[in-house]
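Please open the model in your viewer and keep the selection panel at hand. The stops below follow one another, each giving something to select and then saying what is found there.

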Amino acid sequence: MIEIKDVRKSFSTLEVLKGINLTVNKGEVVTIIGGSGSGKSTLLTCINGLEPINAGQITIDGTVVHAKDTDLNKLRRKVGIVFQQWNAFPHLTVLENVMLAPRKVLGLAKEKAEEIAVKQLTHVGLAEKLNVYPNRMSGGQQQRMAIARALAMSPEYMLFDEVTSALDPMLVGEVLDTLKMLAEEGMTMICVTHEMAFARDVSDRVAFFHHGVMAEIGTPDQLFGAPQHPDTQAFLASVR
Amino acid sequence: MLNYTFHWNQAFKALPQMLDGAVVTLQIALLSMVLGVALALTLTAFRLSGSRILRGFAATWVEVARNTPALFQIYMAHFGLGNFGIHLNPYTALLIGIAFNNAGYLAENFRGALKAIPDTQARAGRSLGMTPIQSFRLIVLPQMLRVAFLPATNQMVWAILMTSLGVTVGMNTDLAGITQELNARSFRTFEFFALAAVIYYIIAKLVTLAARLLAARMFKY
């Protein structure tokens, strides 16, 4: 369970998160929508401790993320994150990209790491690309590789930060299908996205962020069907 | 002016001696690169450190190495240090002078290579649970190596050519030193130095070629 309690975060004088409260249960899929600069991506990087917070508390299965004695390297093994820019490691083949962390972080034997990597890459439809270098693939393929790379660590939670925003429109579908598949398999996920149809389709709950505040949260039917907050209404009207 | 008769035979007879000198030249250049890379890595670490003194030290080194003549740097290693009672033989002084020069240029090269790798690469490593050191060693460093490799090759060629400045501090076993001695004995200046130039040229070309082949093997992406 991920518990976010009254989290505040500033970049110098700009407060980007103004007291966020959100609890995500095991097996739940929560999507976060909202305009750019609303703080939704920042929240994800705070959850896995890449960014410090100014106030409040985030706990993952009882571990306080920003506590001094928390081993973040260990914590990150169970919280995978995939970014808008997929950050493929260009000097490694697709297979090596996915094998690297299981070998070096989890300390698995080469054969075992390879087995996991092949399984995950097959899962995201890249079984044919094992020995290819990432720059020989499309953005959509590289993004699916990044998803497989995160999944190879057997995370219990996955964070997706606008993973389709940097893709050509025709490549968005293949990545969303991969996310959908994960959601159906019961992965606990927090997805920041601009894809409203996707959010409506896969989410258990949808949160709307506006200027660093979570203005509204509810089931897809509630949030898209009958939004209560005027800012949510305005946002949904503008993206439709 | 046109009365000069070429005596190439004399030069060709000395070829084995000159090739022995070429081996010494290559040896000094290689050693100076090994030292240079080690020093440049240290300087790069200094430049990224929190200490103003270390940063200042590294910046001064880089500035002096890159903006003063290599001849001056070698002179300093020999005669300059001599004034302080540190007497280095010509071989060591030449080696240290060139290593000083290499370190300055290579440190700048490494800094550029580090800048060329986006922060997001290290961040991606961290988010997979890697420690900062793992993420640097496994992700950033291999990519830096590729960016830095060809400029470092150029520095190696430059180091080979810089060894010829050793004659000014009494170096007489490398290619330039031996050529100079042969010239002093025979006054066949043109022949000996033309032959030496051809040997320098061939060494430089071979080093560049070897580096290209090595790069093609090492960097497959």
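Begin by selecting S12(A), which sits in the loop that joins β1 and β2 of chain A. Bear in mind during the whole tour that this is a predicted model. The phi angle of S12(A) is near 45°, a positive value in a residue other than glycine. Is S12(A) buried or exposed? It counts as exposed, because S12(A) has 5 C-beta neighbours inside 10 Å and the cut-off for an exposed residue is 12 or fewer.

Step back along the chain to D6(A), which is found in strand β1 (residues 2-11) of chain A. D6(A) is not a glycine either, and yet its phi is positive, at about 50°. With 12 C-beta neighbours inside 10 Å, D6(A) counts as exposed.

Now widen the selection to the sheet to which β1 belongs, an open sheet of four strands in chain A whose order is β2-β1-β4-β5 and whose pairing is antiparallel. Which strands stand at the edges? They are β2 (14-24) and β5 (63-64) of chain A, and because each has a single partner strand, one side of each is left without a neighbour in the sheet. At the β5 end, strand β4 (residues 55-60) of chain A pairs with β5(A) in the antiparallel sense over two bridges, and here you can pick out I60(A), which stands opposite T63(A) in β5(A).

Next select helix α1 (residues 40-47) of chain A, where seven of the eight residues are buried, so that the helix is largely enclosed by the rest of the structure. The buried residues are K40(A), S41(A), T42(A), L43(A), L44(A), C46(A) and I47(A). After α1(A) comes G49(A), with a positive phi near 75°.

I47(A) leads on to the largest nonpolar core, which has 78 residues and in which I47(A), V98(A), A148(A), L159(A) and F160(A) touch the most other members. Centre the view on V98(A): leaving aside residues up to four places away in sequence, V98(A) touches A117(A), Q120(A), L121(A), M145(A), A148(A), R149(A) and A152(A). A second core, separate from this one, consists of 49 residues and includes A58(B), L95(B), I98(B) and L165(B).

Returning to chain A, select helix α4 (residues 110-123), whose 14 residues should span 20 Å at 1.5 Å a residue; the end C-alpha atoms are 20 Å apart, which agrees with that expectation. Its buried residues are A113(A), I116(A), A117(A), Q120(A) and L121(A). Where do they lie around the helix? They cover an arc of only 125° around the axis, which puts them on the same side of α4(A). What covers these buried residues includes α3 (94-104) and α5 (139-151) of chain A. Just after α4(A) you reach G125(A), which takes a positive phi of about 80°.

The last stop in chain A is Q222(A), which lies in helix α8 (residues 220-225) of chain A. Since it has 14 C-beta neighbours inside 10 Å, Q222(A) counts as partly exposed. If you add N87(A) to the selection, 135 residues away along the chain, the C-alpha atoms of the two residues are separated by 35 Å.

Colour chain B by secondary structure next, and you will find nine helices and zero strands. The C-alpha atoms of chain B fill a box of roughly 75 × 45 × 30 Å along the principal axes, and of the 221 residues of the chain, 38% count as buried. Among the contacts in chain B with a separation of 6 or more, 72% come from residues 24 or more positions apart.

Within chain B, select F79(B), whose place is in helix α4 (residues 70-83) of chain B. F79(B) counts as partly exposed, because it has 14 C-beta neighbours inside 10 Å. From F79(B) to P90(B), eleven residues apart in sequence, the C-alpha to C-alpha distance is 9.9 Å.

Finish by showing both chains together: 16 residues of chain B are in contact with 18 residues of chain A. On the side of chain B that touches chain A, the elements that give two or more residues are α6 (119-127) and α7 (132-162) of chain B, and α6(B) gives the most, with six residues. The residues on this side of chain B divide into seven nonpolar, seven polar and two charged.

Methods
Residues numbered from 1 in each chain as written. Chains lettered and ligands numbered in written order. Predicted model: local features only at pLDDT ≥ 70, side-chain atom pairs only at ≥ 80, totals over all residues. Core = buried A, V, L, I, M, F, W, Y, C linked by C-beta atoms within 7 Å. Buried ≥ 20, exposed ≤ 12 C-beta atoms within 10 Å, placed from the backbone. Contact = placed C-beta atoms within 7 Å. Expected span 1.5 Å × (residues − 1). Arc of directions from axis to C-beta. Nonpolar A, V, L, I, M, F, W, Y, C, P; charged D, E, K, R; others polar. Pairing = 2+ DSSP bridges.
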